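Work through the exercises below with the model open. Each task is followed by a stepwise solution.

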Amino acid sequence: MSEDVKKGLLGIVVDETEVSKVMPEINSLTYRGYAAQDLCARCNFEEVAYLILNGDLPNKKQLKKFEKQEKNERTLSKNLISILKQMPKKAHPMDVARTAVSVMGLEDKQTSDNSQKANLNKTMRILAKMPTALALFYRLRNGKKMISPKKKLSFAENFFYMCFGKVPNKDIVKAFDVSLILYAEHSFNVSTFTARTITSSLSDIHGAITGAIASLKGPLHGGANEEVMQMMKKIKKPERALKWINKALDNKQVIMGFGHRVYKNGDSRVPTMREYFKKVSKIKKDKTFEKIYDIVEKVMIERKNIHPNVDYPTGPTYHLMGFDTDFFTPIFVLSRITGWSAHIMEQHAANKLIRPLAKYKGSQHRKVLSLNYR
Ligand code: SDX
């Protein structure tokens, strides 16, 4: 058995999947064969969620049934509401999200059933309830009353409504919906692989998604969209951006929102998200972040030949939409529940316990001396 260590599983193929693929021939991320940018142009998030979970785009009847099921599951149990009310106001919303899923797992009547049908139903409950749980925490920590979900609103509209008490104009909602489509799925990224690893012992979907949320929180993964905004807030003005980024690179800083393990010449999701970032900047009449965006990107490509990833345009877009910075990665969760769940079901369908090897470099064998002689 060869013992050459591939740290970070760099370049290692560990399983097969049908959920998504970055197709070099069209330089696009594809979900079940459809290019993500085409889905952004022609579908809403609910249609794409159905596609990722069921393998094909829904017809009108299937979509209506899917949307109805999602809307009917948006309410939280009294128990979960009371637990959210006791959460420390300073808790990170990613930790609140992780805890909320765990509580949902305690309450779900199908927790111990790992069948495809039960897992699809559990996914719908987690997908539908997570926005309500996060919006409730957002309201509570800002000293405001809970706003209950509204069935007549779409998934995207309803999140704005439960957070801010109103639905913004349709272009803002479309930009948010596009970000959800682009965030939904990305093959064996670290949080998805975490979910698959947990599933490989035949543990349940709530546990696997709890682990995935913990993984997504990291700044090298989903947490990068928050860090992008922190960076832009530090830069503050476009005229400070050039000096700031050059100094950061001189200090060998890792610049959040840039680089990717798979894409080495640019994340295929960025052009679409950049376009909607531009639209939202125009609606909000604030070009500050766009100017900072362009200056930092130019230096990163010129000095390091490192391109933006999807978190780079998404961070400032969420800021312009009015979300608190530490809510950016939780929004990523709302969307990625679909990708994680598809992979969890795929793992169950063709499971093999995930258990890699390690190259040992510790002490050789030695005798134990009893305490008096140590
Ligand atoms: C997501 O996997 C997915 O699909 C994830 C995701 C998804 O949809 O699930 O796409 C979402 O997580 C996007 C990535 C968000 N993370 C960030 O923006 C954090 C900043 N990026 C870097 O930490 C880094 O680019 C990674 C972690 C994303 C990828 O890094 P790799 O593939 O492990 O490569 P590496 O860290 O070994 O970098 C190779 C070289 C290094 O220089 P040397 O040590 O060889 O001199 O490139 C440099 C790195 O220092 N480098 C960077 C950099 N990214 C890589 N230098 C400065 N800033 C960066 N952002």
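A residue counts as buried under 20% relative accessible area, exposed over 50%, and partly exposed in between. Note that this is a predicted model.

**Exercise 1.** Classify I12, then place I12 on the surface.

Solution.
- Step 1: Locate the residue. I12 lies in the segment before β1.
- Step 2: Take the relative accessible area, which is 38%. I12 is therefore partly exposed.
- Step 3: Look for neighbours in a patch. L9, I12 and V14 make a nonpolar surface patch of about 220 Å².

**Exercise 2.** Classify K236 in the same way.

Solution.
- Step 1: K236 sits in the loop between α11 (224-235) and α12 (238-250).
- Step 2: Its relative accessible area is 55%, so K236 is exposed.
- Step 3: K236 joins K237, R240, K243 and K247 in a positive surface patch.

**Exercise 3.** Derive the strand order of the open sheet.

Solution.
- Step 1: Pair β1 with β2. Strand β1 (residues 20-23) and strand β2 (residues 28-31) run antiparallel, joined by 4 bridges. M23 stands opposite S28 in β2.
- Step 2: Pair β2 with β3. These two are antiparallel over 2 bridges, and Y31 stands opposite Y34 in β3.
- Step 3: Assemble. The order is β1-β2-β3, an open sheet of 3 strands with antiparallel pairing. The edge strands are β1 and β3 (34-35), since each pairs on one side only.

**Exercise 4.** Which residue takes a positive phi in the hairpin of β1 and β2?

Solution.
- Step 1: Find the turn. The hairpin has 4 residues between the strands.
- Step 2: Check phi there. N27 takes a positive value near 40 degrees.

Terms used:
Residues numbered from 1 in each chain as written. Predicted model: local features only at pLDDT ≥ 70, side-chain atom pairs only at ≥ 80, totals over all residues. Heavy atoms only, no water. Pairing = 2+ DSSP bridges. Patch = residues over 30% accessible without salt bridge, like charges linked within 9 Å, V, L, I, M, F, W, Y side chains within 5 Å. Areas by Shrake-Rupley, 256 points an atom, 1.4 Å probe, with all protein chains shown as cover. Salt bridge = Lys/Arg side-chain N within 4 Å of Asp/Glu carboxyl O. Lys, Arg positive; Asp, Glu negative; His and termini not counted. Charge placed at Lys NZ, Arg CZ, Asp CG, Glu CD. Buried < 20%, exposed > 50% of the residue type's maximum accessible area, 1.4 Å probe, protein only.
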